[in-house]
Amino acid sequence: MFDIRPLGPEALETLLKLQERIKSALPDPDVFQTSTPEFISYCLADGGLCYGVSCGSETVAYRMVYFPRDRDFNLAKDTPLPPSEYGRVAHWDTIAVLPEWRGHGLARLMNARALADVAAHDIGHLYATSSPMNPHGVGSLLAAGFRPVRLVTKFGGKLRFLFHRPTPTSWAPAGNGQPELSISLSATGELENAFLEGWVGIRLDSDHSSGPKLSLQRHSLPFADQQR
């Protein structure tokens, strides 16, 4: 039913129109960060990996992976990763599905394909962002092996979780019996303090009375031994 395919420069107009359709359908458009034509063109060329999912003749979802290389926009600069590693960073950038096609596992399909293809590149660190007000996006990144390690202000003053995923290895499993914190996604001040104290998000829990909560454990960053 669905066909996933790599996208090249010819897909620019398709992605520009698709991201506007997706953003306009959201109750809160601020949770979705659109990309400029220049940025999308860079990723569609040799600056990243891009995928589209089609149903029949319609493109219903897309995923972009961005290679910062020596460009200014590199999320690693918001972490203690040494500059010598910046060339091995990739951003798990935009992933989006038209509302009427959600619930078919398309995000998992694109994530699996992108992770397999990233393995062919010299990438050691994957970074991503998601709005604290977007529990679906937070949960999708956690399911793909990412963990939130910071709260940062990006994209013209918008608050975002900063996620990290080592590759080709992964985060060590959350320790059974280790102390945990449970903090509401809306309690951004508490979350920011917890990250600064060495806590890392490990799981998203549902609480019908107070909304989604992030469970955290103390965990050193996977690249701590690379700090200079």
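The following exercises, each with a worked solution, concern one predicted protein model.

In this predicted model, local features need pLDDT of at least 70 and side-chain atom pairs count only at pLDDT 80 or more, while totals for chains, interfaces and linings use all residues. Residues are numbered from 1 along each chain as its sequence is written, and side-chain values use heavy atoms, with hydrogens and water left out.

**Exercise 1. Describe the surroundings of His91.**

Step 1. Locate the residue. His91 belongs to strand β4, which covers residues 89–97. Helices (H or I, at least four residues) and strands (E, at least two) are DSSP runs, numbered from the N terminus.

Step 2. Classify its accessibility. His91 is buried because its relative accessibility is 1%; buried means under 20% relative accessible area, exposed over 50%, and partly exposed in between (1.4 Å probe, protein chains only).

Step 3. Find its polar partner. A polar atom of the His91 side chain lies 2.9 Å from the backbone nitrogen of Leu75.

Step 4. List the contacts, that is, heavy atoms within 4.5 Å. With neighbours within four places in sequence left aside, His91 touches Met64, Val65, Tyr66, Pro68, Phe73, Asn74, Leu75 and Tyr127.

**Exercise 2. How many salt bridges does the structure hold, and which parts does the pair Lys154 and Asp78 tie together?**

Step 1. State the criterion. A salt bridge is a side-chain nitrogen of Lys or Arg within 4 Å of a carboxyl oxygen of Asp or Glu. Side chains of opposite charge can pair when their charged atoms come close.

Step 2. Give the total. The structure contains 9 salt bridges.

Step 3. Examine the pair. The side chains of Lys154 and Asp78 form a salt bridge with an N to O distance of 2.7 Å. Lys154 is in strand β6 (residues 147–154) and Asp78 is in the loop between β3 (58–66) and β4, so this pair ties together parts that are 76 residues apart in sequence. Asp78 counts as partly exposed because its relative accessibility is 28%.

**Exercise 3. Describe the salt bridges of Glu85 and of Arg203, and name the residues of a network.**

Step 1. Take Glu85. Its side chain meets that of Arg88 in a salt bridge of 2.9 Å, N to O. Glu85 is buried, with a relative accessible area of 13%, whereas Arg88 is partly exposed at 26%.

Step 2. Take Arg203. Arg203 forms a salt bridge with Asp205, and their closest N and O atoms are 3.1 Å apart. Arg203 is partly exposed at 34% relative accessibility, and Asp205 is partly exposed at 26%.

Step 3. Name the network. Salt bridges link Arg21, Glu58 and Glu100 in a network.

**Exercise 4. Which element gives the most to the lining of the largest pocket, and which to that of the second largest?**

Step 1. Recall the method. Rolling a probe the size of a water molecule over the atoms shows where empty space is left. On a 1 Å grid over the protein atoms alone, a pocket is an open set of points where a 1.4 Å probe fits, with protein on both sides within 12 Å along at least five of seven lines; lining residues have an atom within 4 Å of a point. Grid points are joined across faces, edges and corners, and a volume is the space filled by probe spheres set on the points.

Step 2. Treat the largest pocket. This pocket holds about 850 Å³ of space. Its lining has 37 residues, of which Val31, Phe32, Thr94, Ile95 and Asn134 lie nearest the centre. Two or more lining residues come from each of β4, α3 (106–118), β5 (125–130) and α4 (135–143). The most are given by β4, with 7 residues.

Step 3. Treat the second largest pocket. About 310 Å³ of space lies in it. It is lined by 16 residues, and Gly105, Ala107, Arg108, His136 and Ser140 lie nearest its centre. The largest share, 5 residues, comes from α3.

Step 4. Sort the linings by residue class. Ala, Val, Leu, Ile, Met, Phe, Trp, Tyr, Cys and Pro count as nonpolar, Asp, Glu, Lys and Arg as charged, and the others, Gly among them, as polar. The largest pocket has 18 nonpolar, 14 polar and 5 charged lining residues; the second largest has 7 nonpolar, 7 polar and 2 charged.

Key
Polar contact = N/O pair within 3.5 Å; in protein donor to acceptor, adjacent residues only side chain to side chain.
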